[in-house]
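The following exercises concern the arrangement of strands and helices in a single protein model. Please attempt each task with the structure at hand before reading its solution.

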Amino acid sequence: MNYEQLIEELREEMLQLVNTKCDALLQMYRSGEVHTSVKDTIRESSLITVSPAELKGKRPLAVQFAPGEWIETPTWRKVAQRILQTCNEQPDIHERFMEMCGKVAGRWRTILGSSPEEMDVPIKVDEELYFEGKFDTEAMLNMLEKKVLEPAGVDYSSIKIRYMGKGQEAAKSLEQDVLEQEGQEQHAPVQTM
């Protein structure tokens, strides 16, 4: 792995995030909006550069493998499943995953196994290949990276995740409700006594 290249990619990602936030703040200022929060921005991060702890409480939207199309992944389990399935399509990685079956374990259960009965929440990767999904976001992504992808020799530096905060949909919905209410109040007939 080329760490200088990885650091440069991280620099570019951080600059893109700063530019996006500053552009959004300028746009709000110019339009007269007084919102002080820009939390509804959608973020993209490389799986290798983002800490799983940072993704706790966030909602995944999509995953991308190398420069290509984004694949919708509405849950963190779907993110893990899509990453494992895509890696598993490579014959050499598939062989390594199969060799690891039953040998990758957490504290109390199998993490990568050949049978769903060995797991609490099995995520199907392939025939006779399952990943344990009964973890919170941080633990599941840590298990995926440290116990499966890295030992199998998977280079996951080009995998990107698109995500946003969980409360953002509620905030957008509330804002839309307020705008609709204001519109109804303006068009409502005036009552006189």
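**Exercise 1. The open sheet**

In this predicted model, four strands form an open sheet in the order 1-8-2-3, with antiparallel pairing. The edge positions belong to strand 1 and strand 3 (70-72), each of which pairs on one side only. On average, neighbouring strands of the sheet are turned by 35 degrees against each other, direction ignored.

Task: Determine how many bridges join strand 1 to strand 8, how many join strand 2 to strand 8, and how many join strand 2 to strand 3.

Solution.
- Step 1. Strand 1 (residues 43-46) runs antiparallel to strand 8, and four bridges join the two. Within strand 8, Arg162 is the residue opposite Glu44.
- Step 2. Strand 8 also pairs with strand 2 (residues 58-65), again in the antiparallel sense, over seven bridges. Arg59 has Met164 of strand 8 as its bridge partner.
- Step 3. Between strand 2 and strand 3 there are three bridges, and the sense is antiparallel. Here Val63 is partnered by Ile71 of strand 3.
- Step 4. Helix 2 packs on this sheet and touches strand 2, strand 3 and strand 8; the direction of helix 2 makes about 15 degrees with that of strand 2.

**Exercise 2. Enclosure of strand 8**

Task: Decide whether strand 8 is largely enclosed or largely open, and state why.

Solution.
- Step 1. A residue is buried when its relative accessible area is under 20%.
- Step 2. Strand 8 covers residues 159-165, and five of its seven residues are buried; strand 8 is therefore largely enclosed by the rest of the structure.

**Exercise 3. Two packed helices**

Task: Describe how helix 2 and helix 4 pack, giving the angle and the distance between their axes.

Solution.
- Step 1. Helix 2 (residues 76-88) and helix 4 (residues 137-149) pack at an angle of about 15 degrees, and their axes lie 10 Å apart.
- Step 2. Angles under 35 degrees count as roughly parallel, so helix 2 is roughly parallel to helix 4. Their crossing is right-handed.
- Step 3. Helix 2 contributes Trp76, Arg77, Ala80, Ile83, Leu84 and Cys87 to the contact, while helix 4 contributes Thr137, Met140, Leu141, Leu144, Val148 and Leu149.
- Step 4. Sorted by class, this contact has 10 nonpolar residues, one polar and one charged.
- Step 5. The buried residues of helix 4 are Thr137, Met140, Leu141, Met143, Leu144, Glu145, Val148 and Leu149. Their cover includes helix 2, helix 3 (91-100), strand 4 (104-105), strand 5 (110-113), strand 6 and strand 7.

**Exercise 4. The hairpin of strands 6 and 7**

Task: Which residue takes a positive phi in the hairpin of strand 6 and strand 7?

Solution.
- Step 1. Strand 6 (residues 122-126) and strand 7 (residues 129-132) run antiparallel and are joined by four bridges. Ile123 has Phe131 of strand 7 as its bridge partner.
- Step 2. Two residues lie between the strands of this hairpin, and Glu128 takes the positive phi, near 55 degrees.

**Exercise 5. The surroundings of Ile111**

Task: Is Ile111 buried or exposed, and which residues does Ile111 touch?

Solution.
- Step 1. Ile111 is located in strand 5. Because its relative accessibility is 0%, Ile111 counts as buried.
- Step 2. Leaving aside residues up to four places away in sequence, Ile111 touches Val104, Ala105, Gly106, Met119, Tyr130, Phe131, Glu132, Phe135, Met143 and Val148.
- Step 3. Ile111 and Met100 are 11 residues apart in sequence, with a C-alpha to C-alpha separation of 9.9 Å.

Notes
Residues numbered from 1 in each chain as written. Predicted model: local features only at pLDDT ≥ 70, side-chain atom pairs only at ≥ 80, totals over all residues. Heavy atoms only, no water. Pairing = 2+ DSSP bridges. Axes fitted to C-alpha atoms, helices over the stretch in contact; angles between N-to-C directions. Parallel < 35°, antiparallel > 145°, perpendicular 65-115°, else oblique. Left-handed = near helix turned anticlockwise from the far one by under 90°. Contact = heavy atoms within 4.5 Å. Nonpolar A, V, L, I, M, F, W, Y, C, P; charged D, E, K, R; others polar. Buried < 20%, exposed > 50% of the residue type's maximum accessible area, 1.4 Å probe, protein only.
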